[in-house]
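I opened this model to look up its sheets, a helix pair and its voids. My entries follow in the order in which I made them.

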Amino acid sequence: MEDDMTSHLLARSHILSALQSLPSSTSSSSSLPPPSKPCGSLSISELEVLLSSKKSSLPPHLLLTHMVSLGDLGRKDIRNLPGDAGSSLSFEMARDFLEGFDKVPYNVITGNHDLEGMFEFQTDDDNIKSFTSHFPSSSLSPSKPYWSLKKGSTLLIGLSTTRFRSALHSSHEVYIDSTQLEWFTSLVSENLDKRVIVFSHAPPLGSGLRLLQDVHLKNGCAFLNHSGDLKTARRFIEVVDTFKNVKAWFSGHYHLSHDFEDSLSERGGCLFVQCGVMGGKSTRDGKRQTRICSFEGEVMTVWTVNHHEDGELVKDCDFNLETGEISNRRDFDEGDGDFVRTYVPEEEDGCYSKVEGTESTILDNAKDRVCWWHMSCGRVLGMHDNKLLEYDEKTLSPLGIVVEDLEGKEVIVADEGSVVILREEGCNDLSSLHVVQPNADGSYWKRFQGNKLRRMEEKKRIDIARRIVEDMGSAK
């Protein structure tokens, strides 16, 4: 939500118009059985549609429609006032907005900013309870802001972040607690006869959605449970790989448009879909978009509504839910933007220059250089786009930035892959050397941003110290 809701209200009208203009073969009204068909000849799905039509006041083209908000409901610029992200007013405004979609049923999940109401709530639990009181249908209980919903042969699952003030590192990590993770795993394993579609604010590690803002990598908040232990962060993609009934996974968080090819990816028969934003203040590349999915048999069609183009409806692709194949994928016009495109290591990437008589590798920082090292400890480092990044050795997903700017530097990997050294390009002076030390947990990537509550407390103490020193100076 924003102070000026004009763009959101216009986007809502775009979405409702798009739902009405979808091709008849993919609209929900096409699922209504013909009036002349005998009741005994109706399929289970036709009976469900007919029953829904009797109970619902929705127009036919919206009869089987369901809407999911991927979180971050309040305004981004925090003023410590009602309407801020995570405040009760932001939840009220979001609820009013969502209920204006011609009574289309909806669910909501929390994003990283939805627990940021620190001027109003002292604890994460209190913030969560405010959220669940405004969206009871999106909560298992007042303390559990996650949900599941069966729609015919499809099971929808919404995962919500539950930690902000108590975050170990960046407060903006989208964190799925252990109780919720176990619930999710059990739910997927117990519904193997259902097609499962998952919604979370950030995507899971290993999804293959490879274009993101560097701020999310720098702060360790690009993926679910990003800053925690890797074993937990990998659990989500392991569920996809193990049970095979998770067919689609929708996420937001990156504030980037659908026009990047890497906003869609397929892994293990699951389509991972990155979703953009409605508001003008939230977009990072100037585009405002919404995803719509329609279903015809085993095929899910993904569409984009371009709010910045007066509601233009564009087909992104078809995805076969049984075979996991993407077809009819549109051309992508990625435009310009200073964003991080991560890579998956390939055998042919880069070139390695051995130092005679040593077990070292020296690489100059050529602008188009792409190189990888599997360190002796098992960690994976990658050099590209003038940066040194660490990748997860199992999913080969980016974990974070080791060195943000390699301009004018050479990277030396020495002692059979146990030491990483930086030096000024072409300089043998010892003073130009810098050893990249691993963290206490053995990782190399740096956490550039800590817990927000602790940072606020640190700033408060600094402000107090300044006032005391100023008063002492005045007293003299």
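I looked up Lys 150 first and found that Lys 150 stands opposite Leu 155 in β4. Strands β3 and β4 run antiparallel and are joined by five bridges; I count two strands as paired if DSSP finds at least two bridges between them. My helices (H or I, at least four residues) and strands (E, at least two) are DSSP runs numbered from the N terminus. The hairpin of β3 and β4 has two residues between the strands, and Gly 152 there takes a positive phi near 65°.

Before going on I noted the conventions: residues are numbered from 1 along each chain as its sequence is written, and side-chain values use heavy atoms, with hydrogens and water left out. The model is predicted, so I keep to its limits: local features need pLDDT of at least 70 and side-chain atom pairs count only at pLDDT 80 or more, while totals for chains, interfaces and linings use all residues.

Next I traced the sheet around this hairpin. I read an open sheet of six strands in the order β3-β4-β5-β7-β9-β8, with mixed pairing. The edges are β3 (147-151) and β8 (264-267), each with a single partner strand, so one side of each has no neighbour in the sheet. On average, neighbouring strands are turned by 15° against each other, direction ignored. I take axes as lines fitted to C-alpha atoms, for helices over the stretch in contact, and angles from 0 to 180 degrees between N-to-C directions.

At the β8 edge, I found four bridges joining β8 to β9 (residues 270-274), and the two run antiparallel. Ser 265 has Phe 272 in β9 as its bridge partner.

I then asked which strands α5 lies across. Helix α5 lies across β3, β4 (154-158), β5 (195-199) and β7 (246-251), running at about 175° to β4. Contact here means heavy atoms within 4.5 Å.

I also looked up α5 (residues 178-189) against α8 (residues 235-243): they pack at an angle of about 10°, with their axes 11 Å apart. The two helices are therefore roughly parallel to each other, a label for angles under 35 degrees. On α5 the contact is made by Leu 181, Glu 182, Phe 184, Thr 185, Val 188 and Ser 189, and on α8 by Arg 235, Phe 236, Val 239 and Phe 243. By class this contact has six nonpolar, two polar and two charged residues. For classes I count Ala, Val, Leu, Ile, Met, Phe, Trp, Tyr, Cys and Pro as nonpolar, Asp, Glu, Lys and Arg as charged, and the others, Gly among them, as polar.

The other sheet came next. Four strands form an open sheet in the order β10-β11-β12-β13, with antiparallel pairing. Its edge strands, β10 (289-296) and β13 (326-327), each pair on one side only. Strands β11 (residues 299-306) and β12 (residues 312-320) pair over eight bridges in the antiparallel sense, and Val 299 stands opposite Asn 320 in β12. Helix α1 (residues 6-21) lies across β10, β11 and β12, at about 20° to β10.

Last, I searched for voids. On a 1 Å grid over the protein atoms alone, a cavity is a set of points where a 1.4 Å probe fits but cannot get out, and lining residues have an atom within 4 Å of a point. Points are joined across faces, edges and corners, and a volume is the space filled by probe spheres set on them. I found one cavity of 30 Å³ or more in the whole structure. The largest cavity has a volume of about 40 Å³, and its lining includes Leu 209, Tyr 254, Phe 260 and Asp 262.

Terms used:
Angles under 35 degrees count as roughly parallel, over 145 as roughly antiparallel, 65 to 115 as roughly perpendicular and the rest as oblique. On a 1 Å grid over the protein atoms alone, a cavity is a set of points where a 1.4 Å probe fits but cannot get out, and a pocket is an open set with protein on both sides within 12 Å along at least five of seven lines; lining residues have an atom within 4 Å of a point.
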